[in-house]
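Let's take a friendly walk through this model, starting with an annotation from a record and ending with the overall dimensions. Have the viewer open as you read.

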Amino acid sequence: MTNETKTRPPAGSYYPWPKLRAVLGDFYLVIMLLFLYLPILTMIALSFNESKSRSRWGGFTLKWYAELFSSETILRALYNTLLIALLSALIATIMGTAAAIGINALRKVPKNICMSITNIPMLDADIVTGISLMLAFIAFRFSLGFNTILISHITFNIPYVILSVMPKLKQTSRYSYEAAQDLGATPQQAFFRVILPDLMPGIVSGFLLAFTMSLDDFIITHFTKGAGIDTLSTLIYSQVRRGIVPSMYALSAMIFTFVLILLLITNFLPRRKTA
């Protein structure tokens with residue numbers, strides 16, 4: 001009998017390690033989910049709390065939601081946030097897609113240089129970008145307000161769009177574009193009917209990423225917004241000093257619910273179509 005046979009466990013013996021590893025993995029996953037989502041669930045529960053106290057339950061109510069829709073300040077900040085996010089994502093998607101096509105047409109060395117320069121804003125700290133943009137606006141005598149926020153969001157969103165579109169450009173064959181022209185299509189028709197549909201998944205993902213980044217930004221907006229205009233992030237920050245009103249809990253709960261429903265639709269709807 002060899003040593004391998006001696007050390008080999010008998011058939012049917014019980015090994016706790018694989019099951020223990022699975023149990024520990026599930027436990028770790030539960031802890032992480034609680035760490036991520038328990039504060040959000042607490043905030044949602046507080047949005048239905050009759051009392052303004054965060055430590056005492058005063059009963060179930062919907063008055064904070066009613067107060068939310070009657071608050072002109074919050075609704076104006078929500079309008080500014082959505083409008084800036086939509087416009088900046090749309091403009092950045094157009095400019096970023098055009099920039100990605102131009103960079104992809106370059107030779108290897110200039111392309112690498114352009115991509116390195118493009119990646120700098122994503123790696124740079126937001127506070128450096130915010131202060132730099134604020135100083136640039138002041139130097140060019142721009143009055144800080146809605147337009148400066150919009151320009152700032154377009155500026156830091158373009159690299160994300162380029163990063164999303166570039167992989168699709170690398171997957172697209174130039175021969176399909178040339179074949180379309182050989183079949184009688186003009187360069188514009190060949191681009192919009194052949195190349196653009198191939199790039200559309202990257203363009204859509206770039207738009208959604210830019211919209212999300214703009215919606216979530218605070219630091220750059222804080223330095224470039226000026227007086228008299230607020231987004232949701234800057235409004236919440238200004239209210240922290242005085243104490244956040246429970247209607248902000250209601251607004252945050254509605255945004256979280258909307259994003260959750262949107263994610264469920266985008267994840268499960270394609271599966272139903274393929275099934």
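The unreviewed UniProt entry gives the annotation "transmembrane region" to residues 27-48, 85-106, 127-144, 150-169, 190-211 and 248-269. Those positions follow the numbering used here, the feature name is shortened, and such annotations may be inferred rather than shown by experiment.

Before going further, a word on the basis: this is a predicted model, where local features need pLDDT of at least 70 and side-chain atom pairs count only at pLDDT 80 or more, while totals for chains, interfaces and linings use all residues. Residues are numbered from 1 along each chain as its sequence is written, and side-chain values use heavy atoms, with hydrogens and water left out.

Here are two of the annotated spans, as they appear in the model.

| Residues | Helix | Strand | Distance between end C-alpha atoms |
|---|---|---|---|
| 27-48 | 91% | 0% | 30 Å |
| 150-169 | 100% | 0% | 28 Å |

The protein as a whole has 12 helices and 0 strands. Helices here are DSSP runs of H or I with at least four residues, strands are runs of E with at least two, and both are numbered from the N terminus.

Now for a closer look at one helix. Helix α6 holds 14 residues (126-139), which at 1.5 Å a residue should span 20 Å, and its end C-alpha atoms are indeed 20 Å apart. The expected span is 1.5 Å times one less than the number of residues.

Which residues of α6 are buried? They are Thr 129, Gly 130, Leu 133 and Phe 137, where buried means under 20% relative accessible area and exposed over 50%, with a 1.4 Å probe and protein chains only. These residues lie on the same side of α6 because they cover an arc of only 100° around the axis, taken from the directions from the helix axis to the C-beta atoms. An α-helix has 3.6 residues a turn, so residues three or four places apart point the same way.

The buried residues of α6 pack against α7 (146-171) and α10 (219-224), a contact being heavy atoms within 4.5 Å. On the face turned away from that buried side, Ile 138 and Ala 139 are exposed. After α6 comes Arg 141, with a positive phi near 60°.

Finally, the overall dimensions. The radius of gyration of the protein is 26 Å, whereas a compact globule of 275 residues would have one near 19 Å; the radius is taken over C-alpha atoms, and the globule rule is 2.2 Å times the number of residues to the power 0.38. The C-alpha trace spans about 75 × 65 × 40 Å along its principal axes. Of the 275 residues, 29% are buried.
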